[in-house]
Amino acid sequence: MVDPEVHERITARRAELDELQEQLVKQLSEVRAERDELAVAVRVRQRMCEQLADERATAGSPVVQVAGREVRLVPDRASGVAESALPAEYQRILAAVRQASGPVATRAVGEALGLDTGVRGKLEPLRGKLTKLADRGWLHKRGDGKFTVRPVSPDSKSGWA
């Protein structure tokens, strides 16, 4: 015959274990649900990355909203990024620099684009665009403030200078 005290302890321990089992089952259920959500999130992220890559490849530079207006971003120059990825205005600027016989100043680029170069205020936005193209690797800005097109470097890892 079982001692009543031992029986009481066994019953109490069984109750503790049953409660712990319920907690663990609930926790396991929550973990499984979160893992399922993460798996869905990973699939959605992969699909979105593929869609963005396809859009960038076909549409050129990405479009963002700035102050309620759609603005095309100027992508970094890298292997696989064609000039066609640049907004049309930047392509024209790049062409004007390329057509120059050597390093070219902002004023000369403005003249090639048909801007009123007599007004300094008309040249500052152009200077900003030239600098942006230089910052993104499409142009080279020299110490004297003139710009040249960056040549393709066959020995660089990305294929760009």
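This short presentation concerns the nonpolar core and the helix packing around it.

The model is predicted, so local features need pLDDT of at least 70 and side-chain atom pairs count only at pLDDT 80 or more, while totals for chains, interfaces and linings use all residues. Residues are numbered from 1 along each chain as its sequence is written, and side-chain values use heavy atoms, without hydrogens or water.

I begin with the core. The largest nonpolar core (buried Ala, Val, Leu, Ile, Met, Phe, Trp, Tyr and Cys joined through side-chain atoms within 4.5 Å; buried is under 20% relative accessible area with a 1.4 Å probe, protein chains only) has 17 residues. Those with the most contacts inside it are L86, V109, L130, L133 and L139. Two or more residues come from each of α2 (88-99) and α4 (120-135), helices being DSSP runs of H or I, at least four residues, numbered from the N terminus.

Next, V109. Leaving aside residues up to four places away in sequence, V109 touches I93, A96, V97, V104, L126 and L130, where contact means heavy atoms within 4.5 Å.

How do α2 and α3 (residues 106-113) pack? Their axes, lines fitted to C-alpha atoms over the stretch in contact, lie 9 Å apart at an angle of about 115°, on a scale from 0 to 180 degrees between N-to-C directions. The two helices are therefore roughly perpendicular, a class spanning 65 to 115 degrees. R92, I93, A96 and V97 of α2 meet V109, A112 and L113 of α3.

Finally, the axes of α2 and α4 come within 11 Å and cross at roughly 85°, which makes this pair roughly perpendicular. Here E89, Y90, I93 and V97 in α2 meet L126, K129, L130, K132 and L133 in α4.

Note on methods:
Buried means under 20% relative accessible area, exposed over 50%, partly exposed in between (1.4 Å probe, protein chains only). Angles under 35 degrees count as roughly parallel, over 145 as roughly antiparallel, 65 to 115 as roughly perpendicular and the rest as oblique.
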